[in-house]
Structures are given as C-alpha cells and as structure tokens.
Amino acid sequence: MKKGGVIGRNIQHSLSPMIHNHSFLSAGLDYVYEIFDWEESEFSENLPRLRQPDFFGANVTMPYKEAVIPFLDKISDRAERIGAVNTIVNIRGQLIGENTDGEGFILATRSFFQGLLGKKVVVLGAGGAAKAVVSALVEHHAEVVVVSRTGANFQKMVARIGKERVLTFKSFEGENKEYHLLRDADLIVNATNSGMSYEKSLVDFSKLSNNKLCVMDLIYSPEETHFLQQAKANGLRAKNGLDMLVFQASLAFTLWTGVEMDVPLIQNKLKGNL
Ligand code: NAP
C-alpha cells in the first residue's frame, strides 16, 4: 500500500481525505490518504519519511505552503513563481514541490466562464491563494488587476510574478472602493478570507451596472458567502470555490498516480457532504 496525506494545522475538517480516498478506491489503487496535523517543529523529523518508497507524497495546506519549501529537494518553476507548494511528489526518494491551486482555479472557471485570453479579471486579495490564481491568469493571458487591503502582500506578489504583468494595487478599505475597476470587468474573484465567517460582501454589487460580470469566491464553506449571495441577487453568474478544490486535487492525484481522477464522481459525492 502507498501512503500520503495532507500536511497542515487544525485540518480535521479537511475534505481532501474523502476526495482522494474515494478516488483511489474508484481507480482500484491500493493507496491511502491521511491527515498529517503537524507542528512546524516536527517537519525535520517527519518530512524525510515521505522519501520512503511506500509514500507517494502529500498535499500541503495552511499555514505551511511556504514553510515546507526548504525541506524539499526541488520545486517546479510554477511553485517558485507563486512562492508556495501545495503538492509534494515522491519521485524515487526525491521530494518535488508543485502548486496545483492556480491550474485548479482555471479548470474551475471553465464551467461558467469561456476563454480567459484578454479578459479583464479583478482579483481581491494578495495572499497565498491570490498569488496562485494571479500567476495562472497571467499564464492564460488574462488582464489582471489586484485589489488588496494592504500593500505588503501585494509587493510580495509583484516581486514573484513581475510588475510588467498588469498588476495594480488599490485598497478596498473605507468609502473609497474601486468600483470603476469593476464596471468593465469580465470576472471578479474573491481570494481573501473575508466571507469565511459570513462577513458582509466586500463588493456592493447593486452599485454596478455590469451584467456581463461573472463572480467567483474561492471560499466553499460556507457554501454561499454574502459576496456570492449579493452577486446572485443582482442577477450575476456566480460560483464558489468547491470546483477549484476538486480540480487542484485532481491535478495532484495525477502527479502521484499517473491516473486521471473521476472528477464528476467526486463533485457528486461532495454535494451531499457540505
Ligand atoms: P492568506 O494567505 O492568509 O491571504 C488572505 C488574503 O485575504 C490577504 O491578502 C488578506 O489581506 C486578505 N484579507 C483577509 N481578510 C480580509 C478582509 N476582511 N478584507 C479584505 N481582505 C482581507 O490566505 P489564502 O491561503 O490566500 O486563502 C484565502 C482564501 O482562499 C481562504 O478563504 C481560503 O479558504 C481560500 N482558498 C480556497 C481554495 C480552494 O481550493 N477553493 C484554495 C486555497 C485557498 P492582507 O494582504 O491585507 O493581509
């Protein structure tokens, strides 16, 4: 049996074991996926175990996507650009870091948003998830504007992705919200934590008269944030981050097994589990 799991902190609620164990079973693979709820101080002792032949690798989640990097042998160019790793693959005893969040996001947009080339996408937030999303959008030739609460994370993003790649820092604090940026946008993405505790929507969609705007929230729990509720109430097409979770998992699954995940099967399974 091959073993692996998700490395993080306070992650008992994670949907990843269900997603992967169900997929291993349906693909007839003798693999098992567990929760590795580790302190950072345990990394030097625990991570080398993943090099053993009976480990396929792991996912990495909050708060360790950056902290894990020094323990790996190599990271992909994409993970380097984002500055974070969400997937580790054990290749003949070498631990290789990859990041599948951004491509998972791109695959998730496809069911409700056609073609990113030249489209204007406004991303709210400049943390880890936003970096993965912005990096993927730039790869797919979208025109990206980032709206960030503070400049510090935004500057880190610019240092990674490059300021020639259409990045703008605007605050959405106070009354001076940047609504003009949204009036001709094609897609807006909430990549902040705002909404996880039912905070009110960062955008008042009733102030926009842009009915081509599509709206995506990376949050999937709660299933529908106020951000999504407000967008839908104003007639906009909107979706949550559950498909991104499934697609980033499917990309990691293929890296570990060489087999494609049955994505519709998992999407249906998750519907009854949130
Ligand atoms: P992170 O690294 O902590 O970054 C959070 C970002 O949100 C920062 O830019 C922060 O602003 C901003 N922020 C937090 N609270 C805010 C508020 N009240 N108003 C405005 N901005 C606020 O977190 P992360 O890893 O990027 O995760 C962000 C969200 O994405 C989380 O909800 C997470 O669950 C979700 N996510 C979903 C998936 C998926 O597969 N669907 C994958 C990854 C993450 P500052 O820069 O000013 O601090």
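**Close-up views of a predicted two-domain model**

**Figure 1. Surroundings of leucine 182.** Leucine 182 touches Val122, Ile188, Val203, Leu208 and Asn210, when residues up to four places away in sequence are not counted. The structure shown in this and the following views is a predicted model. Leucine 182 has its place in helix 7, which covers residues 179-183. Is leucine 182 buried or exposed? Its relative accessible area is 4%, and leucine 182 is therefore classed as buried, since buried means under 20% relative accessible area. Phenylalanine 24 provides a reference point elsewhere in the chain: leucine 182 and phenylalanine 24 are 158 residues apart in sequence, and their C-alpha atoms are 42 Å apart in space.

**Figure 2. The two domains and the contact between them.** The domain assignment of the protein gives domain 1, made of residues 2-99 + 243-270, and domain 2, made of residues 103-240. The centres of domain 1 and domain 2, taken over C-alpha atoms, are separated by 26 Å. To the contact, domain 1 gives 14 residues and domain 2 gives 19 residues. About 1,400 Å² of area is buried between domain 1 and domain 2, and carbon and sulfur atoms give 62% of this area. Which residues of domain 1 lose the most area to domain 2? They are Arg81, Ile82 and Met244, which together account for 42% of what the side of domain 1 buries.

**Figure 3. Salt bridges and polar contacts across the domain interface.** Five salt bridges are counted between domain 1 and domain 2. Across this interface there are also four residue pairs in polar contact, with both residues at pLDDT 80 or more. On the side of domain 1 that touches domain 2, the elements that give two or more residues are helix 3 (77-82) and helix 9 (242-257). Helix 9 supplies the largest share of that side, namely six residues. By residue class, the side of domain 1 that touches domain 2 holds six nonpolar, three polar and five charged residues.

**Figure 4. The salt bridge of arginine 51 and aspartate 73.** The side chains of arginine 51 and aspartate 73 form a salt bridge with an N to O distance of 2.5 Å. How many residues apart are the two partners in the chain? They are 22 residues apart, and the pair links distant parts of the chain. Arginine 51 is in the loop between helix 2 and strand 3, whereas aspartate 73 is in the loop between strand 3 and strand 4 (74-75). Arginine 51 has a relative accessible area of 29% and is partly exposed. Aspartate 73, with a relative accessible area of 35%, is partly exposed as well.

**Figure 5. The salt bridge of lysine 3 and aspartate 54.** Lysine 3 and aspartate 54 meet through their side chains in a salt bridge, at 3.3 Å from N to O. This pair links distant parts of the chain, its members being 51 residues apart. Lysine 3 lies in strand 1 (residues 2-8), and aspartate 54 lies in the loop between helix 2 (43-46) and strand 3 (55-60). Lysine 3 counts as partly exposed because its relative accessibility is 28%; partly exposed residues fall between the limits of 20% and 50%. Aspartate 54 is also partly exposed, with a relative accessible area of 29%.

**Figure 6. The pair of lysine 232 and glutamate 224, and a salt-bridge network.** By the rule applied, the count comes to 13 salt bridges. One of the bridges joins lysine 232 to glutamate 224, with the closest N and O atoms 2.6 Å apart. Lysine 232 is partly exposed, at a relative accessible area of 41%. Glutamate 224 is partly exposed, at a relative accessible area of 30%. Elsewhere, Arg78, Arg81, Glu103 and Glu139 are joined into one network by salt bridges that share partners. Within this group, arginine 78 forms a salt bridge with glutamate 103, and the closest N and O atoms of that pair are 3.9 Å apart.

**Figure 7. Surroundings of asparagine 86.** Asparagine 86 is found in the loop between helix 3 and strand 5 (87-91). Its relative accessibility of 2% places asparagine 86 among the buried residues. What does the side chain of asparagine 86 reach at 2.8 Å? The partner is the backbone nitrogen of threonine 100. When neighbours within four places in sequence are left aside, the contacts of asparagine 86 are Ala58, Asn59, Val60, Lys65, Glu98, Asn99, Thr100, Asp101 and Gln248.

Definitions and conventions
Residues are numbered from 1 along each chain as its sequence is written. This is a predicted model: local features need pLDDT of at least 70, side-chain atom pairs count only at pLDDT 80 or more; totals for chains, interfaces and linings use all residues. Side-chain values use heavy atoms; hydrogens and water are left out. Domain bounds come from an automatic or database domain assignment. Contact means heavy atoms within 4.5 Å. Buried area is the accessible area (1.4 Å probe) that two parts lose on being put together, summed over both. A salt bridge is a side-chain nitrogen of Lys or Arg within 4 Å of a carboxyl oxygen of Asp or Glu. A polar contact is a pair of N or O atoms within 3.5 Å; within protein, one must be able to donate a hydrogen and the other to accept it, and residues adjacent in sequence count only if both atoms are side-chain atoms. Helices (H or I, at least four residues) and strands (E, at least two) are DSSP runs, numbered from the N terminus. Ala, Val, Leu, Ile, Met, Phe, Trp, Tyr, Cys and Pro count as nonpolar, Asp, Glu, Lys and Arg as charged, and the others, Gly among them, as polar. Buried means under 20% relative accessible area, exposed over 50%, partly exposed in between (1.4 Å probe, protein chains only).
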